[in-house]
Amino acid sequence: MKQKRIELPPDQRVTQWYNVMTDIPNGVQPPLDPETKQPVAPEKMARIFPMGLLEQEMSDKRWIDIPEEVLDIWQIWRPSPLIRANFLEEAIGTKAKIYYKYEGVSPSGSHKTNSAVAQAYYNKREGVKRLATETGAGQWGSALSFATHKFGLECKVYMVRVSFDQKPYRKVMMNTYGAQIVASPSPDTPTGRAILERDPNTPGSLGIAISEALEDTVSRNDTKYALGSVLNHVCHHQTVIGLEAKKQLAMVGDYPDVIIGCCGGGSNFAGLASPFVPDKLDGKKIRLIGVEPASCPSLTKGIYAYDFGDVSQRTPLLYMYTLGHDFIPPGIHAGGLRYHGMAPIISALQRENLMEAMALNQLECFEAGVLFAQTEGIIPAPESCHAVRAAIIEATRDKNEPKTILFNLSGHGLLDLSSYEKYFAGELSNYEYPAEAIAEATRHLPKI
Ligand SMILES: *Cc1c(COP(=O)(O)O)cnc(C)c1O
């Protein structure tokens, strides 16, 4: 019998995060202050983030100790299992070995809980009483609601109106963890009120929700802000995924030739892939593949430039592959992965040719998700379906080539069944973000 599930023994658990910035040739560019165009002073960011996280954001330490308090809570689901997808392999008839790291075992159902717990811990340590955040599809809001409750912090989540209406169970989940949640735009902030007055039926957007959460944060002195992806510290927290996977593969005497993750803001892919970057720099032949939706192709079609992290131009400028901060995600698309930019860490890996990017259409991704569910049993989150599809593409490129593929199953899709329902009903279609829209967006990029 093949060993299906590879569990990491407790004495081998990961106790340090890896900071890939210290190994990327030519480094990762710092965030800039939009007014002065100079690197942002940490003191200026201290209004919205705790120092513990800001230090990690700019850290030049290669390894960062994971606090005991974080490890304690992580024990609920970590180490997460590494699973051999042998049933999927048989179904597609490949000689390739496929392994997936399963992050859907976390309480809120995705990898986001890893960073949520860490962020709640550093805020608590610095006396913060309350966190404000935004959530699109609801994964991040659920993760942070759980994490804040564990540390006795209050949590206010601004959830994009359209998801709030389409995914009622996400709201119940956040309420169960004790968080306060409102549909964004909300009557609770000046920006929200202004937008509601103009258009009471607006579906909202991630940009609006970010603006509301930031306004909430700066209007009170007991509150800080939390972001679930993109930033360096979030990518560091997620490296536990790749560090564990490396040890688990070693337990069965294996090492990956191809490493795959889906990319929204880039954190779960960074988490799985970056611990393998030093080996790649040492000359090991490994391919790192980030998979994005063709409807939001920041890595494959975006521009590498300084841009705002949000529509309302409130954030520092980040150096990243971007579709422009005024990118509007097409409404016909089901899953997450709809952020206009890519994590500066991932952008730098792409610039240095340490990774490659692949853009896929949503229909083929759902098709792969259904095959995965029917063979391996787990219904993947729509985002994770992109990684599944890419793994199948790589495994069937040459079915007789014996290679080892590792991908991240970043979350389960049990709260995204309405997307599957639409897929089965034929209500989803493919959409490629038009080149003209990208050209137009370049004209709105801040001038540096
Ligand atoms: C949020 C999310 C993603 C995309 O975010 P990244 O920062 O790119 O990881 C992917 N998969 C799942 C399940 C998510 O919840």
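In which helix does isoleucine 241 lie? I looked this up before anything else, and the residue lies in helix H11. I note here that the model is a predicted one.

**Entry: isoleucine 241**

I asked whether isoleucine 241 is buried or exposed. Its relative accessibility is 0%, and buried means under 20%, so isoleucine 241 counts as buried. I then listed what it touches, leaving out residues up to four places away in sequence. The list runs Arg78, Lys101, Glu103, His111, Asn114, Asn268, Gly271, Leu272 and Asn408. I also checked the separation from phenylalanine 308, which is 67 residues apart from isoleucine 241 along the chain. The C-alpha atoms of the two are separated by 28 Å.

**Entry: helices H5 and H11**

Next I looked at how H11 packs. Two packed helices are described by the angle between their axes and the distance between the axes. I took helix H5, residues 112-125, together with helix H11, residues 232-251. Their axes come within 9 Å and cross at roughly 125 degrees. That angle makes H5 oblique to H11. The crossing of the two helices is right-handed. On the H5 side I wrote down Lys112, Asn114, Ser115, Ala118 and Gln119 as the residues making the contact. On the H11 side they are His233, Val234, His237, Gln238, Val240 and Ile241. Sorted by class, the contact of H5 with H11 has four nonpolar, six polar and one charged residues.

**Entry: helices H9 and H10**

I did the same for helix H9 (residues 190-198) and helix H10 (residues 206-218). The axes of this pair come within 8 Å, and the crossing is at roughly 140 degrees. H9 and H10 are therefore oblique to each other. H9 makes the contact with Pro190, Thr191, Gly192 and Ile195, and H10 with Ile208, Ser211, Glu212 and Glu215. I sorted the residues of this contact into three nonpolar, three polar and two charged.

**Entry: the sheet**

In what order do the strands of the open sheet stand? I found four strands in the order E8-E7-E6-E9, with parallel pairing. Strand E8 (180-184) and strand E9 (223-225) stand at the edges with a single partner strand each, so one side of each has no neighbour in the sheet. On average, neighbouring strands of this sheet are turned by 25 degrees against each other, direction ignored.

I then followed one pair of strands. Strand E6, residues 130-135, pairs with strand E7, residues 154-160, in the parallel sense over six bridges. I picked out threonine 133, which stands opposite valine 157 in E7.

Terms used:
Residues are numbered from 1 along each chain as its sequence is written. This is a predicted model: local features need pLDDT of at least 70, side-chain atom pairs count only at pLDDT 80 or more; totals for chains, interfaces and linings use all residues. Side-chain values use heavy atoms; hydrogens and water are left out. Two strands pair if DSSP finds at least two bridges between them. Axes are lines fitted to C-alpha atoms, for helices over the stretch in contact, and angles run from 0 to 180 degrees between N-to-C directions. Angles under 35 degrees count as roughly parallel, over 145 as roughly antiparallel, 65 to 115 as roughly perpendicular and the rest as oblique. A crossing is left-handed if the near helix is turned anticlockwise from the far one by less than a right angle, and right-handed if clockwise. Contact means heavy atoms within 4.5 Å. Ala, Val, Leu, Ile, Met, Phe, Trp, Tyr, Cys and Pro count as nonpolar, Asp, Glu, Lys and Arg as charged, and the others, Gly among them, as polar. Buried means under 20% relative accessible area, exposed over 50%, partly exposed in between (1.4 Å probe, protein chains only).
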